[in-house]
Amino acid sequence: MHIAYGVPLAPMTTLHLGGPATALAELRDLADFPAVVAWANRYGTAPFCLGHGSNVLVSDAGSSRPVLRLATRGVEVRGTAPDGRVLVEAQVGHPLRDLVETTVEEGLSGLEMLSGIPGTVGATPVQNVGAYGQEIGDCLVRVRAWDWKLGRAVTLSAAECALGHRTSKFKGTTRWTLLTLVLALRPSLLSAPITYRSVAGVLDVPVGSRVPLRDAARAVLTVRRGKGMVLEDSGIDHRTVGSVFLSPEVTGAQQARLRAAGAPLNSFPDGSTRVSASWLIHRAGFGLRTAVADGVRVSSRHYTLVARSGASAASFGQAVGTVHRAVLRHTGVALTSEVDFLGDSRTYPPGWPSPAAPAGTARPPRP
């Protein structure tokens, strides 16, 4: 474990915004986790966990709460489930894209539609990460985590994780630090059914078709690249968190009105029907490249927000609020940001939820 003080956090996030961490520890080996516990206990608070920073906005003032950067790696097969699926255990710091590529190459279906999503494996249960008809909740078996409230390691089943649409019991709280997770993946040369027209169009197959795993993963990458959502290929839009807003759930009356207006609606595993946030943003009058706040504009290829020169965490938060109000005014639908905010309560941008735990206490003396 390596500890540093006053470390700039902006370079550790895909938005490249925000101030320093009072203290930051980087964990590369789970065997060192007891040292992490001892370090965090000196601050009297659980650390904020940071992976690749692809879904995080850091306050301009930084954070007095200690920050733990998880960089553990490793993937192992752990046997077979009763239904014949292969059990795969992954370290939380392992890059998600590497895990997806590995499972596709090994002929294991369950993650192929997540191709190209940035971030770490550890973020997947927190967000119940999903795309193009698949989400981590479809294959999650259990997680191992450190429970800072109980002061011990715990194992939680997928049901105990309370997974929902881009949320879980881990979202918005620092009570748990995830350590490993186990997934159940189906041996198959074919993908899950293709349920999104954009992916089916790239493949030139009917919706509902199953195709070779590699073909499905490549098609998803093609769709994501077209939206500027593959970071290394996003060009001038590289300072992004991908989708800033959740696709909001809509009621029966809203569904009928939105369908009549041509809105894309999709059904999700939790039983909800949701409308595309991108469609709502466009409907509210925002065009591609539209400036929204200082240094913040709509992407040139997708209806999401990106940072440019002159941006700050405050201006990004302002842009989120501007888009939220405009969408509500023009469509009657309320957007919710899915971006995690790292900072003290007094520095939260307007509209962000209150922190789930008190901000970190004053820095203890350095050892």
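For sorting residues by character, Ala, Val, Leu, Ile, Met, Phe, Trp, Tyr, Cys and Pro count as nonpolar, Asp, Glu, Lys and Arg as charged, and the others, Gly among them, as polar. With that in hand, the lining of the largest cavity in this predicted model splits into two nonpolar, five polar and two charged residues. The residues in question are Lys 227, Gly 228, Met 229, Asp 237, Thr 240, Gly 242, Ser 299, Thr 304 and Val 306. Met 229 and Val 306 are on the nonpolar side of the count, because Met and Val are both listed as nonpolar. Lys 227 and Asp 237 supply the charged part, because Lys and Asp are both listed as charged. As for volume, the largest cavity holds about 30 Å³ of space, and a search of the whole structure turns up one cavity of 30 Å³ or more.

Val 306, one of the lining residues, brings us to a small sheet, since strand 18 covers residues 305–307. This is an open sheet of three strands in the order 16-17-18, paired antiparallel. Its edges are strand 16 (291–293) and strand 18, each of which pairs on one side only. On average, neighbouring strands here are turned by 40° against each other, direction ignored. Strand 16 and strand 17 (residues 296–298) run antiparallel and are joined by two bridges; across this pairing, Ala 293 sits opposite Val 296.

Another antiparallel pairing links strand 11 (residues 140–147) with strand 12 (residues 152–157), this time over six bridges. Arg 142 has Ser 157 of strand 12 as its bridge partner. The two strands make a hairpin with four residues between them, and there Gly 151 adopts a positive phi near 70°.

Then there are the aromatics. The structure has six aromatic pairs. In one of them, Trp 39 and Tyr 43 have ring centres 5.9 Å apart and planes at 65°, so they meet edge-to-face. Trp 39 and Tyr 43 are both buried. Tyr 132 and Tyr 196 are also edge-to-face, because their planes stand at 80°, with the centres 5.4 Å apart. Tyr 132 belongs to the loop between strand 9 (130–131) and strand 10 (134–135), while Tyr 196 belongs to the loop between strand 13 (176–187) and helix 4 (197–203), so this pair ties together parts that are 64 residues apart in sequence. Tyr 132 has a relative accessibility of 10% and so counts as buried, the cut-off being under 20%. Elsewhere, Phe 33, Trp 146 and Trp 148 come together as one aromatic cluster; Trp 146 falls within strand 11 (residues 140–147) of the hairpin.

Conventions:
Residues numbered from 1 in each chain as written. Predicted model: local features only at pLDDT ≥ 70, side-chain atom pairs only at ≥ 80, totals over all residues. Heavy atoms only, no water. Pairing = 2+ DSSP bridges. Phe/Tyr/Trp six-rings, centres within 6.5 Å; stacked < 30°, edge-to-face > 60°. Buried < 20%, exposed > 50% of the residue type's maximum accessible area, 1.4 Å probe, protein only. 1 Å grid on protein atoms, 1.4 Å probe; cavity = no way out; pocket = protein on both sides within 12 Å on 5 of 7 lines; lining within 4 Å. Points joined across faces, edges and corners; volume = space filled by probe spheres on them. Axes fitted to C-alpha atoms, helices over the stretch in contact; angles between N-to-C directions.
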